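Please look at the sequence and the 3D model shown here, and keep both in view while reading the report that follows.

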Amino acid sequence: MISPADYPLWNSPAMSAYLKEVSPETMLAEGRGVRVRDAGGRWFLDARSGLWNVTLGYDHPGVKEAIKRQLDTLPYANLIGYGRPSALSLTAAGALLPHLPGHLSKIRYCGNGSQAVETAVLLSRFLHRAEGAPEREAVFGMWRGFHGLGAGAGALTGIPYLHHQAGPLLPGVAHAPGPFESHGDGGTEDLRLAMADYGPERISAVVVEPVVGEGVHVLTEDYLRSLAGFCRSNGIHLIIDEVTTGMGRTGAFTRTGQLGLRPDLLTLGKGLTSGYAPLSAVVLSAEFYQRLHQLPLERQLFVGSTHDGHPLALAASLAVVEALTTEGVLDNVRERGRELEQRLNDVVKRHPSATAVRGTGLMYAIEVDRPDLLRHAMEARGVLVSTLARWPAIVIIPPLVISADEVEEITLVLDQALGELPGLAG
Ligand SMILES: Cc1ncc(COP(=O)(O)O)c(C=O)c1O
(Lines give C-alpha, C1' and ligand atoms only; values in the text may rest on other atoms or scores of the structure.)
Protein backbone atom coordinates (compact mmCIF):
# COMPACT_ATOMS: atom_id res chain seq x y z
CA MET A 1 0.00 0.00 0.00
CA ILE A 2 1.12 3.57 -0.63
CA SER A 3 -0.62 6.51 0.93
CA PRO A 4 -2.87 8.58 -1.36
CA ALA A 5 -0.69 11.54 -0.35
CA ASP A 6 2.12 9.95 -2.34
CA TYR A 7 0.17 9.59 -5.58
CA PRO A 8 0.80 11.96 -8.47
CA LEU A 9 -2.98 11.72 -9.09
CA TRP A 10 -5.84 13.71 -7.64
CA ASN A 11 -9.22 12.05 -7.73
CA SER A 12 -12.47 13.37 -6.39
CA PRO A 13 -12.46 13.10 -2.60
CA ALA A 14 -15.87 11.48 -2.87
CA MET A 15 -13.91 8.57 -4.25
CA SER A 16 -11.51 8.55 -1.28
CA ALA A 17 -13.05 5.33 -0.01
CA TYR A 18 -11.92 3.74 -3.24
CA LEU A 19 -8.57 5.49 -3.17
CA LYS A 20 -7.84 3.98 0.23
CA GLU A 21 -8.25 0.57 -1.36
CA VAL A 22 -5.84 1.33 -4.18
CA SER A 23 -2.27 0.19 -4.18
CA PRO A 24 0.08 -0.01 -7.17
CA GLU A 25 -0.71 -3.76 -7.44
CA THR A 26 -4.49 -3.25 -7.57
CA MET A 27 -4.39 -0.76 -10.44
CA LEU A 28 -5.60 -2.19 -13.71
CA ALA A 29 -3.08 -3.07 -16.37
CA GLU A 30 -4.77 -5.22 -19.03
CA GLY A 31 -8.18 -6.26 -20.34
CA ARG A 32 -9.23 -9.32 -22.39
CA GLY A 33 -12.80 -10.31 -23.19
CA VAL A 34 -14.88 -9.57 -20.08
CA ARG A 35 -11.87 -9.76 -17.78
CA VAL A 36 -9.31 -7.30 -16.47
CA ARG A 37 -5.91 -7.95 -14.91
CA ASP A 38 -4.39 -5.78 -12.23
CA ALA A 39 -0.74 -4.82 -12.03
CA GLY A 40 -0.29 -7.45 -9.33
CA GLY A 41 -1.25 -10.14 -11.85
CA ARG A 42 -4.79 -11.02 -10.65
CA TRP A 43 -7.56 -11.43 -13.21
CA PHE A 44 -11.15 -10.38 -12.49
CA LEU A 45 -14.42 -10.89 -14.28
CA ASP A 46 -15.61 -7.32 -14.83
CA ALA A 47 -19.32 -7.56 -13.94
CA ARG A 48 -19.50 -3.75 -13.90
CA SER A 49 -18.29 -3.15 -17.49
CA GLY A 50 -15.72 -0.55 -16.46
CA LEU A 51 -18.03 2.30 -15.45
CA TRP A 52 -21.08 0.62 -17.06
CA ASN A 53 -19.69 1.42 -20.51
CA VAL A 54 -17.42 -1.37 -21.77
CA THR A 55 -20.28 -3.14 -23.50
CA LEU A 56 -18.29 -5.26 -25.94
CA GLY A 57 -15.53 -6.32 -23.57
CA TYR A 58 -11.92 -5.25 -23.63
CA ASP A 59 -10.60 -6.53 -26.93
CA HIS A 60 -13.30 -6.36 -29.54
CA PRO A 61 -11.43 -6.84 -32.85
CA GLY A 62 -13.77 -4.68 -34.97
CA VAL A 63 -13.68 -1.70 -32.63
CA LYS A 64 -9.91 -1.88 -32.15
CA GLU A 65 -9.28 -2.19 -35.86
CA ALA A 66 -11.60 0.75 -36.67
CA ILE A 67 -9.76 3.02 -34.23
CA LYS A 68 -6.36 1.97 -35.60
CA ARG A 69 -7.48 2.62 -39.19
CA GLN A 70 -8.84 6.03 -38.27
CA LEU A 71 -5.62 6.89 -36.45
CA ASP A 72 -3.73 6.32 -39.67
CA THR A 73 -6.25 8.26 -41.79
CA LEU A 74 -7.46 11.33 -39.88
CA PRO A 75 -6.87 11.42 -36.13
CA TYR A 76 -8.66 14.75 -35.61
CA ALA A 77 -11.21 17.06 -37.16
CA ASN A 78 -13.43 19.53 -35.32
CA LEU A 79 -17.16 19.25 -35.30
CA ILE A 80 -18.06 22.74 -34.17
CA GLY A 81 -16.21 25.32 -36.24
CA TYR A 82 -15.29 26.37 -39.77
CA GLY A 83 -17.67 24.02 -41.58
CA ARG A 84 -15.22 21.16 -42.03
CA PRO A 85 -16.25 18.33 -39.73
CA SER A 86 -14.91 14.85 -40.45
CA ALA A 87 -16.65 12.99 -43.25
CA LEU A 88 -16.84 10.18 -40.74
CA SER A 89 -19.29 12.18 -38.60
CA LEU A 90 -21.83 11.86 -41.41
CA THR A 91 -21.17 8.13 -41.87
CA ALA A 92 -21.36 7.42 -38.15
CA ALA A 93 -24.60 9.36 -37.62
CA GLY A 94 -26.09 7.84 -40.77
CA ALA A 95 -25.31 4.34 -39.49
CA LEU A 96 -26.73 4.94 -36.01
CA LEU A 97 -29.93 6.81 -36.83
CA PRO A 98 -31.87 3.92 -38.45
CA HIS A 99 -31.56 1.99 -35.17
CA LEU A 100 -33.06 4.78 -33.07
CA PRO A 101 -36.81 5.48 -32.72
CA GLY A 102 -38.18 6.64 -36.08
CA HIS A 103 -39.36 10.08 -34.95
CA LEU A 104 -35.75 11.07 -34.12
CA SER A 105 -33.93 12.67 -37.01
CA LYS A 106 -30.69 14.48 -36.08
CA ILE A 107 -27.65 13.54 -34.02
CA ARG A 108 -25.33 16.00 -32.29
CA TYR A 109 -22.16 14.37 -30.98
CA CYS A 110 -20.59 15.56 -27.72
CA GLY A 111 -17.72 14.36 -25.58
CA ASN A 112 -19.34 12.76 -22.52
CA GLY A 113 -22.71 11.97 -20.99
CA SER A 114 -22.84 15.04 -18.75
CA GLN A 115 -22.21 17.27 -21.72
CA ALA A 116 -24.94 15.57 -23.77
CA VAL A 117 -27.46 16.15 -20.97
CA GLU A 118 -26.38 19.78 -20.57
CA THR A 119 -26.63 20.33 -24.32
CA ALA A 120 -30.14 18.87 -24.34
CA VAL A 121 -31.21 21.19 -21.51
CA LEU A 122 -29.69 24.24 -23.18
CA LEU A 123 -31.33 23.33 -26.48
CA SER A 124 -34.70 23.05 -24.73
CA ARG A 125 -34.40 26.44 -23.04
CA PHE A 126 -32.99 28.00 -26.18
CA LEU A 127 -35.90 26.85 -28.33
CA HIS A 128 -38.53 28.03 -25.86
CA ARG A 129 -36.81 31.40 -25.62
CA ALA A 130 -36.45 31.74 -29.37
CA GLU A 131 -40.13 30.88 -29.75
CA GLY A 132 -41.15 33.66 -27.38
CA ALA A 133 -41.48 31.79 -24.10
CA PRO A 134 -38.46 32.95 -22.03
CA GLU A 135 -40.38 32.24 -18.83
CA ARG A 136 -39.97 28.51 -19.53
CA GLU A 137 -36.72 28.14 -17.62
CA ALA A 138 -37.26 25.39 -15.08
CA VAL A 139 -35.94 21.91 -15.70
CA PHE A 140 -37.25 18.98 -13.66
CA GLY A 141 -35.50 15.75 -12.77
CA MET A 142 -36.11 12.91 -10.34
CA TRP A 143 -34.56 12.60 -6.93
CA ARG A 144 -31.83 9.94 -7.32
CA GLY A 145 -31.81 10.38 -11.08
CA PHE A 146 -28.21 10.43 -12.30
CA HIS A 147 -27.34 12.68 -15.23
CA GLY A 148 -23.67 13.36 -14.62
CA LEU A 149 -21.51 15.63 -12.50
CA GLY A 150 -20.31 19.21 -12.80
CA ALA A 151 -22.09 22.56 -12.79
CA GLY A 152 -24.90 21.67 -15.20
CA ALA A 153 -25.38 17.90 -15.22
CA GLY A 154 -24.60 17.73 -11.49
CA ALA A 155 -27.46 20.12 -10.81
CA LEU A 156 -29.81 17.79 -12.69
CA THR A 157 -28.58 14.71 -10.85
CA GLY A 158 -30.97 14.21 -7.93
CA ILE A 159 -28.38 13.78 -5.18
CA PRO A 160 -28.53 16.80 -2.81
CA TYR A 161 -24.95 16.36 -1.64
CA LEU A 162 -23.78 17.26 -5.13
CA HIS A 163 -25.80 20.46 -5.09
CA HIS A 164 -24.39 21.70 -1.82
CA GLN A 165 -20.72 20.81 -2.05
CA ALA A 166 -19.61 23.60 -4.40
CA GLY A 167 -22.87 25.25 -5.45
CA PRO A 168 -24.69 27.15 -6.63
CA LEU A 169 -24.84 24.95 -9.71
CA LEU A 170 -27.09 25.50 -12.74
CA PRO A 171 -30.10 27.53 -11.52
CA GLY A 172 -33.68 26.71 -12.36
CA VAL A 173 -33.44 22.98 -11.69
CA ALA A 174 -36.06 21.22 -9.55
CA HIS A 175 -36.53 17.61 -8.48
CA ALA A 176 -39.45 15.41 -7.48
CA PRO A 177 -39.64 11.82 -6.22
CA GLY A 178 -39.71 8.96 -8.67
CA PRO A 179 -42.38 6.25 -8.50
CA PHE A 180 -39.98 3.94 -6.64
CA GLU A 181 -39.78 6.18 -3.56
CA SER A 182 -42.07 5.10 -0.73
CA HIS A 183 -44.16 8.12 0.16
CA GLY A 184 -47.55 6.74 0.92
CA ASP A 185 -49.71 7.47 -2.09
CA GLY A 186 -48.25 4.91 -4.46
CA GLY A 187 -46.22 7.78 -5.77
CA THR A 188 -46.87 7.17 -9.42
CA GLU A 189 -47.75 10.76 -10.18
CA ASP A 190 -45.36 12.73 -8.07
CA LEU A 191 -43.19 14.15 -10.82
CA ARG A 192 -46.28 15.16 -12.76
CA LEU A 193 -47.93 16.64 -9.68
CA ALA A 194 -44.80 18.59 -8.79
CA MET A 195 -44.69 20.04 -12.31
CA ALA A 196 -48.40 20.83 -12.24
CA ASP A 197 -47.93 22.64 -8.89
CA TYR A 198 -44.92 24.55 -10.13
CA GLY A 199 -46.76 25.82 -13.17
CA PRO A 200 -46.22 23.91 -16.42
CA GLU A 201 -46.05 27.16 -18.37
CA ARG A 202 -42.78 27.95 -16.56
CA ILE A 203 -41.14 24.59 -17.30
CA SER A 204 -38.75 24.04 -20.17
CA ALA A 205 -38.03 20.32 -19.89
CA VAL A 206 -38.02 17.21 -17.75
CA VAL A 207 -35.08 14.79 -17.81
CA VAL A 208 -35.56 11.12 -16.91
CA GLU A 209 -33.65 7.87 -17.21
CA PRO A 210 -35.97 5.04 -18.31
CA VAL A 211 -34.14 2.79 -15.86
CA VAL A 212 -32.94 4.88 -12.93
CA GLY A 213 -29.36 3.69 -12.43
CA GLU A 214 -29.21 4.66 -8.75
CA GLY A 215 -30.97 1.48 -7.54
CA VAL A 216 -31.80 0.11 -11.03
CA HIS A 217 -35.46 1.11 -10.86
CA VAL A 218 -37.12 0.12 -14.10
CA LEU A 219 -39.76 2.76 -14.86
CA THR A 220 -42.89 1.18 -16.29
CA GLU A 221 -44.19 1.89 -19.75
CA ASP A 222 -47.40 3.29 -18.22
CA TYR A 223 -45.49 5.67 -15.99
CA LEU A 224 -43.32 6.95 -18.82
CA ARG A 225 -46.27 7.24 -21.20
CA SER A 226 -48.28 9.30 -18.76
CA LEU A 227 -45.25 11.54 -18.13
CA ALA A 228 -44.79 11.93 -21.89
CA GLY A 229 -48.51 12.77 -22.28
CA PHE A 230 -48.30 15.40 -19.54
CA CYS A 231 -45.24 16.96 -21.17
CA ARG A 232 -46.81 17.00 -24.62
CA SER A 233 -50.05 18.58 -23.50
CA ASN A 234 -48.17 21.25 -21.52
CA GLY A 235 -45.50 22.16 -24.04
CA ILE A 236 -42.70 20.75 -21.86
CA HIS A 237 -39.82 19.02 -23.65
CA LEU A 238 -39.26 15.41 -22.64
CA ILE A 239 -35.57 14.50 -22.49
CA ILE A 240 -34.90 10.79 -22.08
CA ASP A 241 -31.42 10.12 -20.77
CA GLU A 242 -30.21 6.84 -22.24
CA VAL A 243 -26.52 7.35 -21.49
CA THR A 244 -26.57 4.04 -19.58
CA THR A 245 -29.54 2.21 -21.07
CA GLY A 246 -28.81 3.06 -24.70
CA MET A 247 -26.71 1.01 -27.13
CA GLY A 248 -27.94 -2.41 -26.12
CA ARG A 249 -28.00 -2.51 -22.32
CA THR A 250 -31.73 -3.39 -22.14
CA GLY A 251 -31.69 -5.72 -25.17
CA ALA A 252 -32.42 -3.06 -27.80
CA PHE A 253 -30.63 -0.04 -29.19
CA THR A 254 -32.73 2.13 -26.88
CA ARG A 255 -35.19 1.56 -24.07
CA THR A 256 -37.19 4.37 -25.66
CA GLY A 257 -37.58 2.32 -28.84
CA GLN A 258 -38.44 -0.80 -26.84
CA LEU A 259 -41.31 1.06 -25.15
CA GLY A 260 -42.41 3.07 -28.20
CA LEU A 261 -41.87 6.45 -26.49
CA ARG A 262 -41.47 9.73 -28.37
CA PRO A 263 -39.18 12.10 -26.45
CA ASP A 264 -38.18 15.46 -27.93
CA LEU A 265 -34.53 14.79 -27.13
CA LEU A 266 -32.64 11.64 -26.24
CA THR A 267 -29.10 11.30 -24.92
CA LEU A 268 -26.61 8.49 -25.52
CA GLY A 269 -23.11 7.94 -24.14
CA LYS A 270 -21.17 5.15 -22.42
CA GLY A 271 -21.80 2.16 -24.76
CA LEU A 272 -21.73 4.39 -27.83
CA THR A 273 -18.05 3.46 -28.20
CA SER A 274 -18.02 0.57 -25.72
CA GLY A 275 -15.80 2.88 -23.67
CA TYR A 276 -12.94 2.68 -26.18
CA ALA A 277 -12.98 6.48 -26.65
CA PRO A 278 -15.06 9.30 -25.15
CA LEU A 279 -18.25 10.09 -27.06
CA SER A 280 -21.87 10.96 -26.37
CA ALA A 281 -24.78 12.28 -28.39
CA VAL A 282 -27.97 14.29 -28.20
CA VAL A 283 -30.57 13.05 -30.64
CA LEU A 284 -33.28 15.50 -31.75
CA SER A 285 -36.80 14.61 -32.83
CA ALA A 286 -37.74 15.67 -36.36
CA GLU A 287 -40.27 18.08 -34.90
CA PHE A 288 -37.78 19.64 -32.50
CA TYR A 289 -35.28 20.00 -35.32
CA GLN A 290 -37.87 21.57 -37.63
CA ARG A 291 -38.66 24.19 -35.02
CA LEU A 292 -34.94 24.98 -34.60
CA HIS A 293 -34.44 25.02 -38.33
CA GLN A 294 -37.12 27.67 -38.78
CA LEU A 295 -35.10 30.14 -36.72
CA PRO A 296 -32.77 32.47 -38.59
CA LEU A 297 -29.22 31.19 -38.94
CA GLU A 298 -27.81 33.88 -36.68
CA ARG A 299 -30.14 32.68 -33.91
CA GLN A 300 -28.86 29.13 -33.56
CA LEU A 301 -27.51 27.83 -30.28
CA PHE A 302 -23.73 28.04 -30.13
CA VAL A 303 -22.56 25.13 -28.04
CA GLY A 304 -19.77 22.57 -28.22
CA SER A 305 -16.27 21.61 -27.28
CA THR A 306 -12.95 20.91 -29.03
CA HIS A 307 -13.14 17.13 -28.86
CA ASP A 308 -16.86 16.73 -29.69
CA GLY A 309 -17.33 13.94 -32.21
CA HIS A 310 -13.64 13.05 -32.11
CA PRO A 311 -12.83 10.92 -35.18
CA LEU A 312 -11.27 8.09 -33.15
CA ALA A 313 -14.44 7.91 -31.08
CA LEU A 314 -16.68 8.11 -34.15
CA ALA A 315 -14.74 5.25 -35.73
CA ALA A 316 -15.31 3.23 -32.57
CA SER A 317 -19.02 4.06 -32.56
CA LEU A 318 -19.45 2.98 -36.16
CA ALA A 319 -17.84 -0.36 -35.30
CA VAL A 320 -20.09 -0.68 -32.23
CA VAL A 321 -23.21 -0.19 -34.38
CA GLU A 322 -21.86 -2.83 -36.74
CA ALA A 323 -21.23 -5.23 -33.85
CA LEU A 324 -24.69 -4.69 -32.34
CA THR A 325 -26.36 -5.36 -35.68
CA THR A 326 -24.27 -8.27 -37.00
CA GLU A 327 -22.90 -10.17 -34.01
CA GLY A 328 -26.06 -11.17 -32.16
CA VAL A 329 -25.21 -8.88 -29.24
CA LEU A 330 -28.82 -7.80 -28.56
CA ASP A 331 -30.04 -11.42 -28.60
CA ASN A 332 -27.25 -12.24 -26.18
CA VAL A 333 -28.40 -9.45 -23.83
CA ARG A 334 -31.93 -10.82 -23.80
CA GLU A 335 -30.88 -14.47 -23.34
CA ARG A 336 -28.10 -13.90 -20.81
CA GLY A 337 -30.31 -11.30 -19.09
CA ARG A 338 -33.06 -13.89 -18.53
CA GLU A 339 -30.52 -16.38 -17.17
CA LEU A 340 -28.92 -13.77 -14.93
CA GLU A 341 -32.25 -12.60 -13.52
CA GLN A 342 -33.35 -16.18 -12.82
CA ARG A 343 -30.07 -17.08 -11.14
CA LEU A 344 -30.00 -13.87 -9.08
CA ASN A 345 -33.50 -14.56 -7.83
CA ASP A 346 -32.49 -18.11 -6.88
CA VAL A 347 -29.42 -16.85 -5.01
CA VAL A 348 -31.29 -14.10 -3.19
CA LYS A 349 -33.94 -16.59 -1.99
CA ARG A 350 -31.19 -18.50 -0.18
CA HIS A 351 -29.82 -15.45 1.66
CA PRO A 352 -32.07 -13.34 3.90
CA SER A 353 -29.44 -10.57 3.94
CA ALA A 354 -30.24 -9.86 0.28
CA THR A 355 -33.66 -8.28 0.18
CA ALA A 356 -34.46 -7.60 -3.49
CA VAL A 357 -33.38 -8.13 -7.08
CA ARG A 358 -34.41 -5.60 -9.71
CA GLY A 359 -33.49 -4.86 -13.26
CA THR A 360 -33.84 -5.64 -16.92
CA GLY A 361 -31.61 -6.63 -19.81
CA LEU A 362 -28.11 -6.92 -18.39
CA MET A 363 -28.50 -4.45 -15.54
CA TYR A 364 -29.47 -5.66 -12.05
CA ALA A 365 -29.42 -4.33 -8.49
CA ILE A 366 -29.22 -6.68 -5.49
CA GLU A 367 -30.23 -4.90 -2.31
CA VAL A 368 -28.23 -5.47 0.88
CA ASP A 369 -27.58 -3.22 3.86
CA ARG A 370 -23.79 -3.23 3.43
CA PRO A 371 -23.09 -3.22 -0.32
CA ASP A 372 -19.47 -2.20 0.25
CA LEU A 373 -18.81 -5.42 2.22
CA LEU A 374 -20.45 -7.53 -0.46
CA ARG A 375 -18.47 -5.78 -3.18
CA HIS A 376 -15.23 -6.55 -1.35
CA ALA A 377 -16.20 -10.17 -0.76
CA MET A 378 -16.98 -10.65 -4.46
CA GLU A 379 -13.81 -8.89 -5.49
CA ALA A 380 -11.81 -11.21 -3.24
CA ARG A 381 -13.34 -14.06 -5.27
CA GLY A 382 -12.46 -12.48 -8.59
CA VAL A 383 -15.64 -10.62 -9.64
CA LEU A 384 -15.90 -6.82 -9.85
CA VAL A 385 -19.31 -5.25 -9.20
CA SER A 386 -20.59 -1.68 -8.71
CA THR A 387 -21.95 0.03 -5.66
CA LEU A 388 -24.00 3.24 -5.75
CA ALA A 389 -23.84 6.75 -4.31
CA ARG A 390 -26.83 6.47 -1.99
CA TRP A 391 -28.87 3.32 -2.68
CA PRO A 392 -27.99 0.20 -0.63
CA ALA A 393 -27.33 -2.25 -3.43
CA ILE A 394 -24.63 -3.74 -5.56
CA VAL A 395 -25.14 -3.48 -9.30
CA ILE A 396 -24.29 -6.28 -11.70
CA ILE A 397 -24.00 -4.74 -15.14
CA PRO A 398 -21.67 -6.96 -17.18
CA PRO A 399 -20.49 -6.52 -20.76
CA LEU A 400 -23.24 -7.33 -23.26
CA VAL A 401 -21.11 -10.09 -24.78
CA ILE A 402 -20.99 -12.13 -21.58
CA SER A 403 -21.37 -15.92 -21.95
CA ALA A 404 -23.69 -18.29 -20.08
CA ASP A 405 -20.68 -19.71 -18.19
CA GLU A 406 -19.63 -16.25 -17.10
CA VAL A 407 -23.17 -15.48 -15.91
CA GLU A 408 -22.98 -18.66 -13.84
CA GLU A 409 -19.56 -17.63 -12.48
CA ILE A 410 -20.90 -14.24 -11.32
CA THR A 411 -23.89 -15.75 -9.55
CA LEU A 412 -21.82 -18.52 -7.91
CA VAL A 413 -19.46 -15.88 -6.53
CA LEU A 414 -22.42 -13.80 -5.32
CA ASP A 415 -23.86 -16.87 -3.61
CA GLN A 416 -20.54 -17.64 -1.89
CA ALA A 417 -19.98 -14.02 -0.87
CA LEU A 418 -23.46 -13.73 0.61
CA GLY A 419 -22.88 -17.03 2.42
CA GLU A 420 -19.67 -15.66 3.88
CA LEU A 421 -21.42 -12.52 5.09
CA PRO A 422 -24.62 -13.76 6.69
CA GLY A 423 -24.79 -10.65 8.91
CA LEU A 424 -24.90 -8.33 5.93
CA ALA A 425 -28.41 -7.16 6.78
CA GLY A 426 -26.95 -5.50 9.90
C1 LIG B 1 -27.96 8.12 -17.10
C2 LIG B 1 -26.66 8.86 -17.11
N3 LIG B 1 -26.62 10.09 -17.65
C4 LIG B 1 -25.48 10.80 -17.71
C5 LIG B 1 -24.31 10.30 -17.18
C6 LIG B 1 -23.05 11.11 -17.24
O7 LIG B 1 -22.16 10.56 -18.15
P8 LIG B 1 -20.60 10.93 -18.08
O9 LIG B 1 -20.05 10.28 -16.86
O10 LIG B 1 -20.04 10.34 -19.36
O11 LIG B 1 -20.47 12.40 -18.05
C12 LIG B 1 -24.31 9.03 -16.60
C13 LIG B 1 -23.06 8.47 -16.04
O14 LIG B 1 -23.04 7.55 -15.26
C15 LIG B 1 -25.51 8.29 -16.56
O16 LIG B 1 -25.58 7.08 -15.99
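## A buried residue in a strand

Ile394 counts as buried because its relative accessibility is 0%, where buried means under 20% relative accessible area, exposed means over 50% and partly exposed lies in between, all with a 1.4 Å probe and protein chains only. Ile394 belongs to strand β17, which covers residues 393-396; helices (H or I, at least four residues) and strands (E, at least two) are DSSP runs, numbered from the N terminus. When its neighbours within four places in sequence are left aside, Ile394 is in contact with several residues, among them Tyr364, Ile366, Leu374, Met378, Val385 and Leu414, contact being defined as heavy atoms within 4.5 Å. By comparison, 32 Å lie between the C-alpha atoms of Ile394 and Thr326, which are 68 residues apart along the chain.

The structure is a predicted model, in which local features need pLDDT of at least 70 and side-chain atom pairs count only at pLDDT 80 or more, while totals for chains, interfaces and linings use all residues. Residues are numbered from 1 along each chain as its sequence is written, and side-chain values use heavy atoms, with hydrogens and water left out.

## Two domains and their interface

The chain is divided into domain 1, made of 4-59 together with 328-425, and domain 2, made of 63-326; these bounds come from an automatic or database domain assignment. Taken over C-alpha atoms, the centres of domain 1 and domain 2 are 26 Å apart, and the contact takes 32 residues from domain 1 and 32 residues from domain 2. About 2,600 Å² of area is buried between domain 1 and domain 2, and carbon and sulfur atoms give 62% of this area, where buried area is the accessible area (1.4 Å probe) that two parts lose on being put together, summed over both. Of the area that domain 1 buries against domain 2, Leu330, Met363 and Trp391 supply 24%, more than any other three residues.

Which elements give two or more residues to the side of domain 1 that touches domain 2? They are α2 (49-52), α13 (329-350), β13 (356-360) and β14 (363-367), and α13 gives the most, with four residues. By class, this side of domain 1 has 19 nonpolar, eight polar and five charged residues, where Ala, Val, Leu, Ile, Met, Phe, Trp, Tyr, Cys and Pro count as nonpolar, Asp, Glu, Lys and Arg as charged, and the others, Gly among them, as polar.

Between domain 1 and domain 2 there are 15 residue pairs in polar contact, with both residues at pLDDT 80 or more. A polar contact is a pair of N or O atoms within 3.5 Å; within protein, one must be able to donate a hydrogen and the other to accept it, and residues adjacent in sequence count only if both atoms are side-chain atoms. Across the same interface of domain 1 and domain 2, however, the rule finds zero salt bridges, a salt bridge being a side-chain nitrogen of Lys or Arg within 4 Å of a carboxyl oxygen of Asp or Glu.

## Salt bridges

Side chains of opposite charge can pair when their charged atoms come close. By the salt-bridge rule, the count comes to 23. In one of these pairs, the side chains of Arg232 and Asp264 meet at 4.0 Å, N to O. Arg232 lies in helix α9 (residues 221-234) and Asp264 in the loop between α10 (255-259) and β11, so the pair ties together parts that are 32 residues apart in sequence. Arg232 counts as exposed at 53% relative accessibility, whereas Asp264 counts as buried at 9%. Arg232 and Asp264 are also linked with Glu131, Glu287 and Arg291 in a network of salt bridges.

Lys349 forms a salt bridge with Asp346, with 3.8 Å between the closest N and O atoms. Both Lys349 and Asp346 lie in helix α13, three residues apart, which is about one turn of the helix. Lys349 is exposed at 68% relative accessibility, while Asp346 is partly exposed, with a relative accessible area of 30%.

## Backbone details

The peptide bond from Gly167 to Pro168 is cis, with omega near 0°, and Pro168 is placed in the loop between α7 (160-165) and β6 (173-176). Ser49, in helix α2, has a positive phi near 50° although this residue is not a glycine, and Ser49 is buried at 0% relative accessibility. Ser274, in the loop between β11 (265-268) and β12 (280-285), has a positive phi of about 55° and is not a glycine; Ser274 is buried, with a relative accessible area of 0%.
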